[in-house]
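Me: I'd like to get better at reading a fold by eye. Could you walk me through one, feature by feature?

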Amino acid sequence: MFHRSENLFLRPAWIEDAQAVTAGIAEEAVVRNLARAPWPYTLDDAVEFLSRPARQFPPGFLLTLPSRSGSQVIGMCGLNEEDGRIELGYWIARPHWGQGYATEAAKAVLDIARSIGIKRVHAGHFVDNPASGKVLLKAGFKPTGETRAQFSLARGHKSMSRRYAVQLDEQTEQRTGNPDAELKRAA
C-alpha cells in the first residue's frame, strides 16, 4: 500500500532500505522512545526487521520526503495489533524533529485505517517524551487517563507510558455532518 500526504510519501519498507532505516533510527534519542527496538540499533537489526514477512494488515509504512533527486527516508509510521487492539507507532529521524512530519504521518495512517474499516486506534508515549503526546493530540487522539508501565527494549526496563485513543468512526460521522451522529452524541 502506498499513500501520499502533503509532504510525505508513505510506502512499504524493503530490505534495500536497511541502511537508510539504520541511519535514521540508530540514535539513542530516537530508539529510547520506542518499545520494541533495541539499543544500540545496528544494520543487522534493520535487516532482521525488514526481512520479516510483509504484512498487509495492519499496514506499516516507511516515511520518505520525495524530491527530484529521489527520496529521503525520514522515519516510519504504522499500525500494529497488540493485545487485540490496533496501536499506532512511529519514529522520526532526529534531523526531522519539530517539522510536523510525525503529525502528518500519524494523520495519514489514521486516514488509511479509517478507509480500511478500523474503528479505534490506540497509542502511547513514555512520560519523559511529551513531544510525542503533542503529536498524538494534534493527530486527533484523546487521552484515556491511563498511565501504565510499558517495557522498552532499548531502555532495558519498564517506564511509565501515557495512553491515548481515537475513535475513527465518530470522526467520520463528524466530518460528513451526519445528523444521526449528532443525535447519538446528544443522547
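Me: Let's start inside. Which residues of the largest nonpolar core touch the most other members?

Reply: Keep in mind that this is a predicted model. The general idea first: in soluble globular proteins, nonpolar side chains tend to be buried together. Here the largest nonpolar core has 31 residues, and Leu79, Leu88, Val121 and Phe141 touch the most other members. Several elements each supply at least two residues, among them strand 4 (70–82), strand 5 (85–92), strand 6 (120–126) and helix 5 (130–139).

Me: And which element gives the largest share of this core?

Reply: That's helix 4, with nine residues.

Me: Pick one of the hubs for me. What is valine 121 in contact with, leaving aside its neighbours within four places in sequence?

Reply: Valine 121 is in contact with Leu79, Leu88 and Phe141, and its list also includes Ile86, Leu110, Ala113, Tyr164 and Val166. There's a second, separate core too, with 16 residues, including Val21, Ala37, Met76 and Ala93.

Me: Now helices. How do I read which side of one faces inwards?

Reply: An α-helix has 3.6 residues a turn, so residues three or four places apart point the same way. Take helix 1 (residues 18–25): Ala18, Val21, Thr22, Gly24 and Ile25 are buried. They sit on the same side of helix 1 because they cover an arc of only 170° around the axis. Turn to the face away from that buried side and you'll find the exposed residues Gln19 and Ala23.

Me: What covers the buried residues of helix 1?

Reply: The cover includes helix 2 (28–31), helix 3 (43–51), strand 3 and strand 5.

Me: What about backbone oddities in the loops?

Reply: Check omega and phi. The peptide bond from tryptophan 39 to proline 40 is cis, with omega near 0°, and proline 40 sits in the loop between helix 2 and helix 3. Then look at aspartate 83, in the loop between strand 4 and strand 5. Its phi is near 55°, a positive value in a residue other than glycine.

Me: Is aspartate 83 buried or exposed?

Reply: Exposed, since its relative accessibility is 70% and the cut-off is over 50%.

Me: One last loop residue: where is isoleucine 116 found?

Reply: In the loop between helix 4 and strand 6. Isoleucine 116 is partly exposed, at a relative accessible area of 36%. Beyond four places in sequence, isoleucine 116 is in contact with Met1, Phe57 and Pro59. Phenylalanine 57 is 59 residues away from isoleucine 116 in sequence, yet their C-alpha atoms are 9.5 Å apart in space.

Conventions:
Residues are numbered from 1 along each chain as its sequence is written. This is a predicted model: local features need pLDDT of at least 70, side-chain atom pairs count only at pLDDT 80 or more; totals for chains, interfaces and linings use all residues. Side-chain values use heavy atoms; hydrogens and water are left out. A nonpolar core is a set of buried Ala, Val, Leu, Ile, Met, Phe, Trp, Tyr and Cys residues joined through side-chain atoms within 4.5 Å. Buried means under 20% relative accessible area, exposed over 50%, partly exposed in between (1.4 Å probe, protein chains only). Helices (H or I, at least four residues) and strands (E, at least two) are DSSP runs, numbered from the N terminus. Contact means heavy atoms within 4.5 Å. The arc is that of the directions from the helix axis to the C-beta atoms.
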